[in-house]
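Me: Before we start, could you take me through how features of a protein model are read, one at a time? I would like the general idea and then the case at hand.

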Amino acid sequence: MTKLLRITTVPVSLKILLKGQHRYFSNYYEVLGVSSPGKGLTEVGTAEGIRVVSVPMERQVSLVRDMVSLIRLIGLIRREKPFIVHTHTPKAGTLGMVAAWLCAVPVRMHTVAGLPLMEAVGAKRKILDFVEKITYACATRVYPNSYGLQKIILDNGYTNVHKLKVLANGSSNGIDTEYFCPALYTVDEKKLVRQSLGLSESDFVFVFVGRLVKDKGINELVEAFISMKSVVGSEELRVGCSESAGSICKLLLVGPEEPELDPLEANTLAEIRNNKDIVSVGWQADVRPYLAIANVLVFPSYREGFPNVVMQAGAMGLPAIVTDINGCNEIIVEGENGVIVPVKDSVALRRKMCFFMDNNAELMRMAANARPMIVNRYEQHIVWEALLEEYKRFDNL
């Protein structure tokens with residue numbers, strides 16, 4: 001059977017972002033999962049029924065450690081002799097594509113699910129631009145997981161249009177709409193979840209799911225939320241927001257902090273930890289209960305590839321407030337299943353949050369649209385079948 005290596009920098013990407021794909025492709029290929037060592041990698045092997053191999057890789061730049069990782073990947077590829085190497089995530093993409101090219105692997109695929117370098121400036125940006133070009137040069141095909149991301153790649157001259165392809169309607173893995181389904185949670189179950197979080201039935205809950213870091217717009221989200229709570233008595237803040245809005249809204253944060261990579265501002269952290277109207281539950285293996293009890297998803301990220309959480313929330317029947325960035329502005333159609341605001345604009349964010357609280361008819365209309373719009377465009381097997389077709393294009397090489 002043809003051997004397929006799939007490489008990510010850290011195990012959670014294999015485990016969560018690509019969940020289910022490995023088992024599916026095992027019906028057609030001998031799949032080997034490669035990532036940094038850890039419990040999560042072992043869990044991938046067990047859950048997906050594939051062989052896994054660990055190769056230490058650092059998410060941050062470390063020339064010495066990166067060279068060691070490259071050498072280990074070269075050794076692994078020479079031993080395994082795969083026909084296809086498919087990489088995901090930035091560091092694994094660069095190391096995996098260079099190693100596969102040096103080993104003359106026939107098919108070298110790289111999926112781009114975001115460009116962290118977009119927030120870099122100066123010399124660092126130039127170095128990262130160069131590394132990105134090297135990654136794409138070593139790949140036979142590059143797959144941006146959104147049309148917006150494809151445009152960014154072309155605008156920056158990282159590669160040519162003939163090497164790029166967006167599969168299906170975008171996304172790296174699509175969405176399992178049977179797993180993310182609001183019908184799985186009864187009214188009583190949702191009441192119990194709210195009670196466990198100290199939320200009342202009348203509370204209007206805005207939910208964010210993701211890493212609690214600067215690049216996800218958490219500073220602006222907390223600022224917008226605080227200004228909503230301060231709306232009473234302030235004519236300036238009351239623009240676009242009723243006085244009653246601030247009294248019943250809650251902010252639910254689902255995700256871990258990453259202070260070593262992208263720390264939040266000190267005042268933001270203080271609010272998260274001390275504000276009784278902000279509930280932070282940390283990383284959760286299953287985010288569905290939190291989406292099930294929320295009213296609106298708020299996702300003010302600075303950059304994305306194709307955000308899974310926006311699809312997940314939509315499948316759970318939630319309208320969303322997202323920023324005008326690639327991926328987000330493809331999943332959300334303005335005024336249909338959510339609204340779009342400028343990046344890093346806490347005032348615009350607050351006004352749209354108030355809009356949903358003060359316009360129940362619009363809230364309910366967009367909520368009713370949310371799930372069908374995800375099911376029709378991003379059902380998981382649509383993405384898997386498109387990728388399988390792409391793999392099989394190279395079977396006769």
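**Reading the features one by one**

Reply: Alanine 104 sits in the loop between H5 and strand E5 (107-112), and the model in which we look at this residue is a predicted one. Its phi is positive, about 55 degrees, although the residue is not a glycine.

Me: Is alanine 104 buried or exposed?

Reply: The idea is to compare the relative accessible area with a cut-off, and over 50% counts as exposed. Alanine 104 has a relative accessible area of 58%, and is therefore exposed.

Me: Which value of phi does threonine 89 have, and where does threonine 89 lie?

Reply: Phi of threonine 89 is near 75 degrees, again a positive value in a residue other than glycine. Threonine 89 belongs to the loop between strand E4 (84-88) and H5.

Me: How should I read the packing of helix H5 and helix H6, beginning with the angle and the separation of their axes?

Reply: One takes the angle and the distance between the axes, then the class of the angle, and then the residues that meet. Helix H5 (residues 90-102) packs against helix H6 (residues 122-138) at an angle of about 40 degrees, and their axes are 8 Å apart. That angle makes H5 oblique to H6. The crossing in which H5 passes H6 is left-handed. On the H5 side the contact involves Gly93, Thr94, Met97, Val98 and Trp101, which meet Val131, Ile134, Thr135 and Cys138 in H6. By character, the residues of the contact of H5 with H6 divide into six nonpolar, three polar and no charged.

Me: At what angle do the axes of H15 and H16 cross?

Reply: The axes of helix H15 (residues 346-358) and helix H16 (residues 360-378) cross at roughly 95 degrees and come within 5 Å. Because of that angle, H15 is roughly perpendicular to H16. Phe355, Phe356 and Asp358 of H15 make the contact with Asn360, Glu362, Leu363 and Met366 of H16. The residues of this contact of H15 with H16 comprise four nonpolar, one polar and two charged.

Me: And which residues make the contact of H13 with H16?

Reply: The geometry is read in the usual order, with the axes before the residues. The axes of helix H13 (residues 308-315) and H16 come within 7 Å and cross at roughly 125 degrees, and that makes H13 oblique to H16. The contact is formed by Met311, Gly314 and Ala315 of H13 together with Ala370, Arg371, Ile374 and Tyr378 of H16. Sorted by character, the residues of the contact of H13 with H16 are five nonpolar, one polar and one charged.

Me: How many residues are there in the largest nonpolar core, and which of them touch the most other members?

Reply: In soluble globular proteins, nonpolar side chains tend to be buried together. In this model the largest nonpolar core has 66 residues, of which Phe206, Val207, Leu221, Leu252, Val310, Ile321 and Met353 touch the most other members. Apart from this core lies another, of 32 residues, including Leu70, Ala99, Leu115 and Cys138.

Me: What does isoleucine 321 touch, if residues up to four places away in sequence are not counted?

Reply: With those residues not counted, isoleucine 321 touches Val296, Leu297, Val298, Phe299, Val339, Val341, Leu349, Lys352, Met353 and Phe356.

Me: Where is asparagine 219 found, and is asparagine 219 buried or exposed?

Reply: Asparagine 219 is found in helix H9 (residues 218-229), and its relative accessible area of 7% means that it is buried. Leaving aside its neighbours within four places in sequence, asparagine 219 is in contact with Lys214, Leu264, Glu265 and Thr268. The C-alpha atoms of asparagine 219 and leucine 269 are separated by 8.7 Å, while the two residues are 50 residues apart along the chain.

Me: Which residues does proline 263 touch, not counting residues up to four places away in sequence?

Reply: Under that condition proline 263 touches Lys214 and Glu258. Proline 263 lies in the loop between strand E8 (249-254) and helix H11 (266-274), and counts as partly exposed at 46% relative accessibility. Between the C-alpha atoms of proline 263 and aspartate 215 the separation is 9.2 Å, with their places 48 residues apart along the chain.

Conventions:
Residues numbered from 1 in each chain as written. Predicted model: local features only at pLDDT ≥ 70, side-chain atom pairs only at ≥ 80, totals over all residues. Heavy atoms only, no water. Core = buried A, V, L, I, M, F, W, Y, C linked by side-chain atoms within 4.5 Å. Buried < 20%, exposed > 50% of the residue type's maximum accessible area, 1.4 Å probe, protein only. Contact = heavy atoms within 4.5 Å. Axes fitted to C-alpha atoms, helices over the stretch in contact; angles between N-to-C directions. Helix = DSSP H or I, 4+ residues; strand = E, 2+ residues; numbered from the N terminus. Parallel < 35°, antiparallel > 145°, perpendicular 65-115°, else oblique. Nonpolar A, V, L, I, M, F, W, Y, C, P; charged D, E, K, R; others polar. Left-handed = near helix turned anticlockwise from the far one by under 90°.
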